[in-house]
Amino acid sequence: MSTSATLQTAATTGTSERTRAVAIAALLGLGLVFMTGFAPATALHNAAHDFRHTQNFPCH
Amino acid sequence: MIIRLLSAALVAGFLAAVVATGLQFALTSPLILKAEVYEEQAGKQAALASPFAGVIIHAHGGEHHEPGAAAEWQPAPGFERMAYTGLATLVGGVGYALLLGAVMLALQRQPTPETGLAFGVAGFLCVALAPAMGLPPELPGMGSAALAVRQVWWLMTALATAVGIYLIAVRRVALTIVGGLVLIVAPHLVGAPFVVEESRLPAALAAQFAARSLGISLVFWAVIGLAYGWAWHLFGERAVARRSHA
């Protein structure tokens with residue numbers, strides 16, 4: 001029953017809603033990854049230092 | 001739909017961060033701390049070797065500090081530093097999970113633990129393994145090219161690998177497969193801005209760090225993918241249950 005309900009939801013969902021969801025998620029995701037991995041601010045760099053090294057973001 | 005995606009990404013990012021933070025504390029943070037000892041020693045030696053050594057030591061040792069030097073905040077060693085590492089892993093994990101969710105939705109793939117895992121492994125190939133082939137994970141104090149140059153190469157490689165995998169695995173026609181392979185190989189033919197400098201850091205330490213770092217990245221991405229597929233269903237069923245009750 002849950003499968004048919006899911007399919008029904010998927011069918012009635014508009015393309016525009018999907019596009020909007022993709023855009024919001026992609027922008028948020030890029031923003032968060034930039035903040036932890038690339039942001040040049042010294043405080044952000046120092047806070048995320050060990051994470052950056054381990055996840056192989058270029059550091060220093 | 002956006003609420004379901006955000007919720008699933010938060011859960012996936014959190015679970016992956018818990019696992020990856022534990023692995024970082026156990027496997028890579030101790031190596032980073034060891035490397036920083038060598039980095040400090042090298043810094044002191046460079047200061048002594050420079051003709052302005054006396055001036056520099058005086059400037060840092062005297063009571064008149066430079067105004068910029070004190071402004072650089074960094075977490076205190078020990079618990080605070082570990083907490084910030086955990087926090088950064090959480091933010092990074094949620095960010096990666098959101099990107100994974102966005103890609104799966106854009107390609108209209110139903111998230112399940114299986115499909116999530118496949119996309120997670122693809123994410124690992126794009127942002128961890130492919131860039132690491134040219135710029136291996138580095139410990140503090142290892143010599144390297146200018147930061148901006150390395151960041152550009154890293155981003156180009158991650159992007160080219162992602163498009164390459166898309167052309168090969170999703171489009172799957174002879175022409176796109178060849179194009180995808182070319183894209184994946186191109187950044188490595190161009191060459192990474194990799195510089196080898198003399199360092200007192202033992203090579204074995206650097207090698208162990210690089211291997212552990214990639215291992216942790218793989219686990220991080222695998223958990224993000226698996227958990228995203230699982231959480232997507234969890235929040236879907238809840239929404240259906242709410243609607244049928246209403």
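Q: How are helices and strands defined here, and in what order do the elements of chain B run?
A: Helices (H or I, at least four residues) and strands (E, at least two) are DSSP runs, numbered from the N terminus. In chain B the elements run α-α-α-α-α-α-α-α from that end, which comes to eight helices and zero strands. This is a predicted model: local features need pLDDT of at least 70, side-chain atom pairs count only at pLDDT 80 or more, and totals for chains, interfaces and linings use all residues. Residues are numbered from 1 along each chain as its sequence is written, while chains are lettered from A and ligands numbered from 1 in the order in which they are written.

Q: What is the mean pLDDT of chain B, and where does pLDDT stay under 50?
A: pLDDT is the predictor's confidence in each residue, from 0 to 100. Chain B has a mean of 90, with 91% of its residues at 70 or more. Residues 53-69 of chain B stay under 50, and the model has seven contacts for them beyond four places in sequence. Two residues are in contact if their C-beta atoms, placed from the backbone, lie within 7 Å. For the complex, the predictor gives an ipTM of 0.88 and a pTM of 0.88.

Q: How many residues does each chain bring to the contact between A and B?
A: Chain B brings 45 residues and chain A brings 35. On the side of chain B that touches chain A, H1, H4, H5, H6 and H8 each supply at least two residues. H4(B) gives the largest share of that side, 15 residues.

Q: What share of chain B is buried, and which residues touch the most other members of the largest nonpolar core?
A: A residue is buried if 20 or more other C-beta atoms lie within 10 Å of its own, exposed if 12 or fewer, and partly exposed in between, with C-beta atoms placed from the backbone. By that count, 34% of the 246 residues of chain B are buried. A nonpolar core is a set of buried Ala, Val, Leu, Ile, Met, Phe, Trp, Tyr and Cys residues joined through C-beta atoms within 7 Å. The largest one has 46 residues, and B:Ala9, B:Ala12, B:Ala97, B:Leu98, B:Ile224 and B:Tyr228 touch the most other members. Helix H2 (15-37) of chain A gives two or more residues to this core, as do H1, H4, H5, H6 and H8 of chain B. Its largest share, 12 residues, comes from H4(B).
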